[in-house]
Amino acid sequence: MNKKVAVLPGDGIGPEVIEETKKVLHAIATKYNHTFEYTEADVGAIAIDRHGDPLPDSTLEICKSSDALLFGAIGDPKYDNDPNAPVRPEQGLLKLRKELNLFANLRPILAFDAILHLSPLKEDRIKGSDFIIYRELTGGIYFGDKKEDNGEGVASDLLIYHKEEIRRIARLAFEAAKKRRGKMTLVDKANVLASSRLWRKEVQQLANEYPEVTLDFLFVDNAAMQIILRPSQFDVLLTSNMFGDIISDEASVISGSLGLSPSASIGDQYAMFEPIHGSYPQAKGKNIANPMATILSGAMMLEHWGLMNEAEKVKEAINRALDENIVTEDLNPATPHKTSEVGSFLSEYILNH
Ligand SMILES: NC(=O)c1ccc[n+]([C@@H]2O[C@H](COP(=O)([O-])OP(=O)(O)OC[C@H]3O[C@@H](n4cnc5c(N)ncnc54)[C@H](O)[C@@H]3O)[C@@H](O)[C@H]2O)c1
Ligand SMILES: CC(C)[C@H](C(=O)O)[C@@H](O)C(=O)O
Ligand SMILES: [Mg+2]
């Protein structure tokens with residue numbers, strides 16, 4: 001198979017985790033006789049520095065002419081600490097999602113057997129946890145009209161959803177639940193928010209078309225607790241943009257590290273694969289960040305192309321690395337391996353098994 005990939009390393013640890021992902025994909029390409037062609041482009045703080053724009057047109061063009069996008073991370077403390085910055089790295093990522101209409105963000109959460117004991121949560125609580133969050137990605141409070149503070153101490157963000165935005169991702173989530181364990185939980189705040197009540201109405205209506213899926217509802221505050229208390233109860237969680245952002249970082253604790261949580265951002269035409277973590281600026285250039293979230297995002301890209309054996313091989317390699325403790329310091333502070341060592345171990349494993 002011949003595929004063109006737009007690679008957007010971004011900021012902070014982005015370039016390092018992308019490098020290891022390319023190493024692993026190269027091993028897959030060699031072993032299974034594929035050609036993956038990469039075109040790199042700037043996004044985020046580095047794109048502001050180089051082009052004065054967090055998502056230059058040239059980057060968007062490269063993305064639109066590729067078969068998929070592989071994204072590292074964006075963000076830099078110089079913007080995080082300056083609320084008055086006129087342009088921000090995050091705008092690059094948000095514009096990319098919007099321009100490519102990547103409305104569904106799939107965030108799988110898995111408790112890996114080999115490292116159950118490393119989680120701050122009790123082993124018997126997290127064992128067997130395997131769920132996926134369907135996070136709406138191009139609507140809601142992220143994209144509603146904003147009013148910045150004009151010096152009078154007032155600012156606002158509009159939270160707005162249209163029923164079509166709810167229905168298109170809900171369908172994908174119902175389809176996923178059908179193929180999985182047949183359970184879907186809508187996470188919302190329908191006891192307070194009108195937009196959440198629209199979510200309930202639309203999702204309840206759609207549920208009639210999926211009799212094999214059991215639908216239930218959780219308020220987001222309760223969901224935040226249940227995810228930690230009894231994560232194995234969940235199969236598919238469907239939620240809006242901001243709730244999905246928050247509960248997915250929380251849920252990554254079940255896997256053992258934010259550095260282990262991948263995602264796929266899907267639209268009608270394009271697909272982007274991105275870890276759920278950020279640019280972890282404290283680790284930039286130190287070769288200590290966990291590359292597995294990005295590598296597993298790469299595996300989701302392979303699945304997206306129907307390369308199931310190849311994706312399975314990447315996951316097998318990850319499981320072997322976890323078994324053998326070939327992991328970075330987030331998972332093994334006492335005797336950590338470097339980012340590049342983890343990538344090399346995985347690619348060697350793939351080539352030899
Ligand atoms: N998709 C993205 O590009 C994305 C996502 C989240 C945050 N951000 C941006 O990243 C910057 C930093 O934000 P933050 O500190 O809140 O979130 P972050 O995800 O960068 O890091 C939070 C913490 O998670 C851990 N962590 C994250 N990635 C890791 C990895 N690969 N390996 C090991 N540990 C890892 C570290 O302990 C880190 O301190 C901000 O500018 C923010 O806007 C970008
Ligand atoms: C950087 C930020 C805009 C982004 C989001 O909130 O979607 C990030 O936190 C994520 O989870 O991908
Ligand atoms: Mg986030």
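**Exercise 1. Which residues in H11 meet which residues in H12?**

Before you start: this is a predicted model, where local features need pLDDT of at least 70, side-chain atom pairs count only at pLDDT 80 or more, and totals for chains, interfaces and linings use all residues. Residues are numbered from 1 along each chain as its sequence is written, while chains are lettered from A and ligands numbered from 1 in the order in which they are written.

*Step 1.* Find the helices: H11 covers residues 292-304 and H12 covers residues 308-323. Helices (H or I, at least four residues) and strands (E, at least two) are DSSP runs, numbered from the N terminus.

*Step 2.* Pick out the contacts (C-beta atoms, placed from the backbone, within 7 Å). From H11 come Met-292, Ile-295, Leu-296, Gly-298, Ala-299, Leu-302 and Glu-303. They meet Met-308, Glu-310, Ala-311, Val-314, Lys-315 and Ile-318 in H12.

*Step 3.* Sort them: nine are nonpolar, one is polar and three are charged. Here Ala, Val, Leu, Ile, Met, Phe, Trp, Tyr, Cys and Pro count as nonpolar, Asp, Glu, Lys and Arg as charged, and the others, Gly among them, as polar.

**Exercise 2. Work out how H9 and H10 pack, and how H11 and H12 do.**

*Step 1.* For H9 (residues 220-229) and H10 (residues 241-255), the angle is about 15° and the axes are 10 Å apart. Axes are lines fitted to C-alpha atoms, for helices over the stretch in contact, and angles run from 0 to 180 degrees between N-to-C directions.

*Step 2.* H9 and H10 are therefore roughly parallel (angles under 35 degrees; over 145 is roughly antiparallel).

*Step 3.* In this pair, Val-220, Ala-223, Ala-224 and Ile-227 of H9 meet Phe-243, Ile-247, Glu-250 and Ala-251 of H10. Seven of these residues are nonpolar, none is polar and one is charged.

*Step 4.* H11 and H12 pack at about 160°, with axes 7 Å apart. That makes H11 roughly antiparallel to H12.

**Exercise 3. Describe what surrounds each ligand.**

*Step 1.* Around ligand 1 you'll find 23 residues, the closest being Gly-75, Gly-259, His-277, Gly-278 and Asn-290. To count, a residue needs its C-beta atom, placed from the backbone, within 6 Å. Ten residues of this shell are nonpolar, eight polar and five charged.

*Step 2.* Ligand 2 has Gly-75, Glu-90, Leu-93, Leu-94, Asp-245, Ile-276 and Gly-278 around it. Helix H5 (residues 89-99) gives the most to this shell, with three residues.

Key: Angles under 35 degrees count as roughly parallel, over 145 as roughly antiparallel, 65 to 115 as roughly perpendicular and the rest as oblique. Two residues are in contact if their C-beta atoms, placed from the backbone, lie within 7 Å.
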